[in-house]
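Work through the following exercises on side-chain contacts with the sequence and the model at hand. Each task is followed by a solution that proceeds step by step.

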Amino acid sequence: MRDHAQVNRLKANGFITSIFEFRPSAFSLQPVPLACLLLIATLLIPSITISASAPSSPADEAMAQGTQAFQRGSYEDALGKLKEAARQYDAQGQAHQQSQALVAAARAAEAIGQIRNALQLLELASALAQHGPDTLWRATVLAQLGHTYLTARQLDAASTHLTQARELINRALSPALSASLLNDLGILHALQNRPEEALIAFTDTVQLAQQAGLPLVALHARLNAARTNVHLNQPENSRIWIDQALEQVTPLPPSREKAIALMNIGLLYRRLLPSLPDLHAPLVLRAAGALQEAASLAEQLGDARTLSFALGHLGQVYESEQRLDEALSFTRRAIFAAQSVDAVESLYRWQWQLGRQLAATGKLDDAIASYRQASGTLQPIRPAIAVAAADSSWSDEDPIRPLFFELADLLLQRASLTEEPPAASQYLLAARDAIEAYKAAELRDYFKDECVDALQARLTKFDRLAANTAVIYPILFSTRLELLVSLPSGLIRVAVPVGAEALTKEVRLFRRTVEKRTTREYLTHAQQLYDWLVRPLEQEFATQQIATLVFVPDSALRTIPMAALHDGSTFLIDKFAVALTPSLTLTDPRPLNREKVRFLATGLTKAVQGFPPLPYVAEEVETIRSLYSGDQLMNQDFRAAGLEQKLRDGRYGILHIATHGKFSTSANDSFLLTFDEKLTMSTLDRLIGLFRFREDPLELLTLSACQTGVGDDRAALGLAGVAIKAGARSALATLWFINDEASAELVSEFYRQLRNPKLSKAQALQLAQQKLLADRVYEHPAYWSAFLLLNNWL
């Protein structure tokens with residue numbers, strides 16, 4: 001499978017696929033990736049290729065064939081030939097030629113997105129070069145390694161290799177390499193959020209490249225400088241750089257490089273529009289002119305992939321100017337060009353854009369069809385787009401989220417226009433399904449493995465609820481909150497006049513204040529959120545005698561305890577049992593088989609690895625031992641190896657882990673503490689994942705001392721998905737670390753109530769939380785509301 005880690009985040013202002021470059025295809029095969037990120041390799045082509053006219057050995061012949069394949073864009077073929085050349089050079093003992101072949105192969109691997117493969121090839125090439133006498137070549141390989149690490153957003157490794165390369169070379173030795181190296185250092189500074197240093201590096205690159213007669217290097221350094229000035233909020237300086245780049249690119253001979261540079265220029269002019277409103281008309285003309293020239297050049301060269309991007313961005317320019325007929329024409333041509341070469345990475349964008357433009361013309365059904373096509377086209381490349389989003393340093397926005405939410409918005413509009421209730425209900429379900437598709441992809445992106453797919457393959461979709469249960473599905477739009485509510489009687493829709501920004505602000509304030517045990521600052525925010533999320537539904541809940549509320553929260557709503565919402569008189573938990581699930585399609589709602597359940601209790605009471613002791617964990621575990629049959633691993637016995645052995649040998653239904661834990665923005669940084677190490681999510685998956693494939697999966701995973709950061713929506717996503725990651729039907733976990741004694745009291749009561757076969761897990765948690773709420777010592781929600789029941793609530 002291809003590793004798409006080099007795919008840079010799509011930018012909202014024209015789908016630029018990198019802060020410092022525009023690639024017409026982040027996944028496509030390209031002879032020379034431009035815009036500075038692969039200029040080192042570009043400039044060194046003469047030094048690592050073999051003349052195709054007179055190969056003198058099978059290795060030379062393979063090298064020549066690989067070079068030719070690379071130059072015509074057949075990168076997979078090139079990769080195979082170049083690796084074969086490296087193997088044959090190795091057999092002949094020609095270390096320098098082997099190193100050259102490996103660098104060339106790495107360029108081909110990077111061109112098709114195989115960054116890990118490229119890094120492995122380059123590390124081997126570097127090892128070979130270190131033993132050779134050619135200082136320039138050693139610097140070349142180190143520079144290429146630094147560049148590739150930069151592309152993969154491994155900034156520390158990039159910095160190390162680029163610095164080493166710079167120490168080996170001076171400008172007199174190789175102006176070409178020095179200029180490219182300086183440009184990459186500028187990119188490194190920018191990604192490290194050091195824009196002033198980046199700008200100095202790009203300015204120096206331009207001067208050095210001009211002195212060395214390297215117009216392409218100077219051109220792309222100017223474009224990088226222009227983007228950096230935008231980041232520094234210096235639009236006038238940015239415009240000067242872009243004007244210079246346009247002047248420089250005009251006399252260049254026709255080439256794919258020129259077409260891509262023109263697209264960069266057009267997109268940058270568009271990017272200046274919000275900052276320079278007085279220059280709106282000339283900037284639009286220049287943007288459209290550059291993009292039109294890029295399209296004409298791509299068509300002349302027979303480059304359908306680049307043509308697709310140029311036409312699509314032209315469609316965007318005309319759409320922004322409300323010239324929708326021309327916008328639709330350009331967008332349809334972009335779709336045709338993308339389809340002709342199976343360029344899915346551009347196709348989904350233009351299908352999405354076409355849907356948006358059709359919606360603007362009032363053709364709602366056609367717009368919905370186009371959005372659905374875009375969603376289907378995106379599905380196989382979604383993981384690579386996710387890596388791009390995760391690796392971005394300058395933006396936290398998911399570039400794909402708007403596609404699904406805009407589709408849901410159109411479906412809700414269509415439901416409003418449909419008079420027949422059954423048909424309208426189908427549109428509501430379709431809107432919910434669109435958000436469900438995004439939620440599943442979001443969890444898949446967070447955990448970066450197949451746990452979501454494994455669960456989806458095992459589950460069947462449920463539409464019937466218990467007679468006393470309601471599922472509340474909030475969807476946040478910029479101007480309103482939509483509540484899709486599944487009731488025993490069917491699906492209803494309620495629109496609340498509060499936008500995502502205002503609601504998110506209130507959520508942040510509530511989360512920040514509800515943890516403060518000595519104040520009641522949280523109450524105002526708890527009541528406001530109740531008014532938006534629950535009060536509009538109170539009459540329906542009363543009519544249908546609802547006792548359990550299941551929320552399917554999105555974004556910031558994942559970070560708060562719904563149980564602590566307040567109606568002005570009492571907390572929500574006093575009226576309803578409450579549960580959360582990250583996705584309806586990833587929920588397996590079936591009752592707990594209490595007769596067969598076996599318990600494994602694990603945890604720490606002692607201080608280890610700099611974390612404080614949890615003395616009341618002993619009380620938790622003793623309560624569990626008195627109520628359920630099972631085993632335990634405590635303190636020095638609670639190690640990964642011991643846990644793995646227990647899970648392999650025993651058929652446990654409940655796993656209780658009473659230890660410090662933290663959920664972070666990245667799943668790689670999330671952990672649970674054992675006696676001697678930190679148990680990562682990947683390790684947890686390996687240890688507990690066997691339950692996914694058993695006939696009786698893990699019924700309940702309890703994490704009684706974990707925490708997420710305030711305002712960290714992705715960390716809350718990880719917490720919400722922990723049951724899915726672990727292959728468990730349910731999880732009981734905490735949003736923040738709470739008083740150890742209170743935690744022990746609540747968890748012990750939860751397990752006592754869980755023995756009652758008449759109670760669901762949600763009801764057992766409700767009674768445990770109500771018990772603490774009734775205790776004057778623990779009545780503040782900071783003590784009891786942090787506990788969340790996730791996924792299966794029965």
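**Exercise 1. Identify the residues that are linked with R535 and E538 in a network of salt bridges, and describe the contact between R535 and E538.**

Solution. A salt bridge here requires a side-chain nitrogen of Lys or Arg within 4 Å of a carboxyl oxygen of Asp or Glu. By this criterion the network links D531, R535, E538, D567 and K575. Within it, the closest N and O atoms of R535 and E538 are 3.8 Å apart. For accessibility, buried means under 20% relative accessible area, exposed means over 50%, and partly exposed lies in between (1.4 Å probe, protein chains only). R535, at 33%, is partly exposed, and E538, at 27%, is partly exposed as well. The model is a predicted one, in which local features need pLDDT of at least 70 and side-chain atom pairs count only at pLDDT 80 or more, whereas totals for chains, interfaces and linings use all residues. Residues are numbered from 1 along each chain as its sequence is written, and side-chain values use heavy atoms, with hydrogens and water left out.

**Exercise 2. Which parts of the chain does the salt bridge between K771 and E749 tie together?**

Solution. Begin with the distance: the closest N and O atoms of K771 and E749 are 3.2 Å apart. Next, locate the partners, taking helices (H or I, at least four residues) and strands (E, at least two) as DSSP runs numbered from the N terminus. K771 belongs to helix α33 (residues 761-773) and E749 to helix α32 (residues 740-754), so the pair ties together parts that are 22 residues apart in sequence. Finally, K771 is partly exposed at 36% relative accessibility, while E749 is buried at 10%. In total, the structure holds 30 salt bridges.

**Exercise 3. Classify the ring pair F405 and Y438 as stacked, tilted or edge-to-face, and place both residues in the chain.**

Solution. Rings of Phe, Tyr and Trp (its six-membered ring) pair if their centres lie within 6.5 Å, and planes under 30 degrees apart count as stacked, over 60 as edge-to-face and the rest as tilted. The count by this rule is 14 aromatic pairs. For F405 and Y438 the centres are 5.9 Å apart and the planes stand at 75 degrees, an edge-to-face arrangement. F405 is found in helix α20 (residues 401-416) and Y438 in helix α21 (residues 421-447), so this pair joins parts 33 residues apart in sequence. Both F405 and Y438 are buried, and ring pairs link F404, F405, Y438 and F477 into a cluster.
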